[in-house]
Amino acid sequence: MITSLVDSVHELPAAEWERLARPAGLYLSHRWLAGEEEDPTATRAYCLVRDPDGTLLAAAPLHLVRDEPNDSYEPETVLPPHLRPRVIAGARRGYHNTPLTAPGLDPARHRACLALLRDAARRFAGRHGTTHWWPYLTGRATAALAPLYPDPPLRLEDDALIPLPGTGFDDYVASLPARRRTGVRRERAGFAAAAALRVRHHVLADCVEEAAVLLAGHQRGHGHDRDGVDAMTALLKRQATAMGDEARVVAAHDGDRMTGFCLYYHYAATTWIRAVAHDREHPAPHVYFNLMYYLPAEAAYAHGSTALHAGMTAIEAKRRRGALVSPLSALADRRPGT
């Protein structure tokens, strides 16, 4: 097998990359990674493993991080003191990570591909005087990569995925326990009865400024003081430019004023919730639950998705709404590359 590095995901045809990325998730998709290349806080390379015929067998983005604005991706925040890698392997955003491998690889070739990705990440990091790590690995990815690293996996968080059975929202509700079905219907009815609110659907590019103000307020309320309106505007503009019509927003409006929104993406068979925020000074009954779960679930059904990726935090609330929960872990390398 042949290993190489390229400087941009644009150097690969999207269809070639997507053959590996679609089973892995949104945050390793060709279009998402292309947008992330505009983020000035890191320098990127892409490790590629091919067979002698040139078929892409495995891949991983590599990010040399110069300034990490997200504390949850800061090694000092989540790793033991003796581990301070500055290269992230795999996805840098989204709290959902895995190496990319081609479908149908036999076990021996799969293990060999992972070892080549590790070695390439090790060399890339070594050239920059540091080491590498894989943050927020799925359970399957952790099990596959763990034998290649010196330290055991470090459990970081839990990840929530809500199955969407059947063909419509009523099928989702019917899949819940009886008590939860009652709760969901009550939360939906309470939100619908808020006379001043109207639900509207947007492309992100059409509402960046309004959404950025709400998102900055949400981040500030959670102690992320660096995530002000300017920073959130730049972030959402980058996503809107990169993702185009794929960046969808469902929002609550009081007259012409947006009071809450959910940004989501349909990718493969899953709808991925990216950001949710609402104006806490103008509360409405159950607005958060509707923006976080029920309105995106309706959009997911309309698109044909079979699951809603609800991500980390508030895990018990997500369990009560039918989420399947799985662990997210980190693996870090101690060995400098040569």
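# A guided tour of selected residues

Begin by selecting Thr313, which sits in the loop that runs between β12 (307–311) and α11 (315–320). The model on the screen is a predicted one. Although Thr313 is not a glycine, its phi is positive, at about 65°. Most residues other than glycine have a negative phi.

Next, select Tyr136, a residue of strand β6 (residues 132–137). Tyr136 also has a positive phi, of about 55°, and is likewise not a glycine. Is Tyr136 buried or exposed? With a relative accessibility of 2%, Tyr136 counts as buried, because the limit for a buried residue is under 20% relative accessible area.

## From helix α11 to helix α10

Return to helix α11 and select Arg320, which is found there. At 43% relative accessibility, Arg320 counts as partly exposed, because this class lies between the buried limit of under 20% and the exposed limit of over 50%. Now add Arg181 to the selection. Arg320 and Arg181 are 139 residues apart along the chain, and a separation of 9.8 Å lies between their C-alpha atoms.

Move on to Tyr294, located in helix α10 (residues 287–303). Tyr294 has a relative accessible area of 0% and is therefore buried. Select Arg321 together with Tyr294: the two are 27 residues apart in sequence, while their C-alpha atoms are 9.6 Å apart in space. Which residues is Tyr294 in contact with, leaving aside its neighbours within four places in sequence? They are Phe169, Tyr172, Arg180, Val184, Glu187, Arg188, Phe289 and Arg321.

## Strands β8 and β9

Select His202 in strand β8, which covers residues 197–203. His202 counts as buried, as its relative accessibility is 16%. Display its side chain and that of His253: a polar contact of 2.9 Å joins the two side chains. With residues up to four places away in sequence not counted, His202 touches Cys207, Ala247, Arg248, Val249, Ala251, His253 and Met258.

One of these residues, Ala251, is the next stop. Ala251 belongs to strand β9 (residues 248–254), and its relative accessibility of 0% places it among buried residues. What is Ala251 in contact with, leaving aside its neighbours within four places in sequence? The list consists of Arg198, Val199, Arg200, His202, Met258, Gly260, Phe261 and Leu291. For a longer view across the model, select Arg123 as well. The C-alpha atoms of Ala251 and Arg123 are separated by 45 Å, and these residues are 128 places apart along the chain.

## His278 in strand β11

Now select His278, whose place is in strand β11. His278 is buried, with a relative accessible area of 18%. Not counting residues up to four places away in sequence, His278 touches Leu214, Thr259, Gly260, Val287, Tyr288 and Leu291. Two residues named here, Gly260 and Leu291, are also contacts of Ala251.

## The second largest pocket

Strand β11 leads to the next stop, since it is among the elements that give two or more residues to the lining of the second largest pocket. This pocket has a volume of about 750 Å³. To find its centre, select Pro23, Ala24, His96, Thr138 and Arg140, the closest to that centre of the 32 residues that line the pocket. Along with β11 (270–278), the elements giving two or more residues to the lining are β5 (100–101), α4 (107–127), α5 (139–145), β7 (154–163) and β13 (324–332). Which element gives the most to this lining? It is β13, with five residues. Colour the lining by class to see 19 nonpolar, ten polar and three charged residues.

## Two cysteines

For the final stop, turn to the cysteines. A disulfide is a covalent bond between the sulfur atoms of two cysteines. How many disulfides does the structure hold? The structure holds zero disulfides. Select Cys47, which is in no disulfide; the nearest cysteine sulfur is that of Cys113, 9.7 Å away. A pair of cysteine sulfur atoms must lie within 2.5 Å to count as a disulfide, so this pair does not qualify. Cys47 is buried, with a relative accessible area of 1%. Select Cys113 as well: Cys113 is in no disulfide, and its nearest cysteine sulfur is that of Cys47. Cys113 is also buried, with a relative accessible area of 0%.

Definitions and conventions
Residues are numbered from 1 along each chain as its sequence is written. This is a predicted model: local features need pLDDT of at least 70, side-chain atom pairs count only at pLDDT 80 or more; totals for chains, interfaces and linings use all residues. Side-chain values use heavy atoms; hydrogens and water are left out. Helices (H or I, at least four residues) and strands (E, at least two) are DSSP runs, numbered from the N terminus. Buried means under 20% relative accessible area, exposed over 50%, partly exposed in between (1.4 Å probe, protein chains only). A polar contact is a pair of N or O atoms within 3.5 Å; within protein, one must be able to donate a hydrogen and the other to accept it, and residues adjacent in sequence count only if both atoms are side-chain atoms. Contact means heavy atoms within 4.5 Å. On a 1 Å grid over the protein atoms alone, a cavity is a set of points where a 1.4 Å probe fits but cannot get out, and a pocket is an open set with protein on both sides within 12 Å along at least five of seven lines; lining residues have an atom within 4 Å of a point. Grid points are joined across faces, edges and corners, and a volume is the space filled by probe spheres set on the points. Ala, Val, Leu, Ile, Met, Phe, Trp, Tyr, Cys and Pro count as nonpolar, Asp, Glu, Lys and Arg as charged, and the others, Gly among them, as polar.
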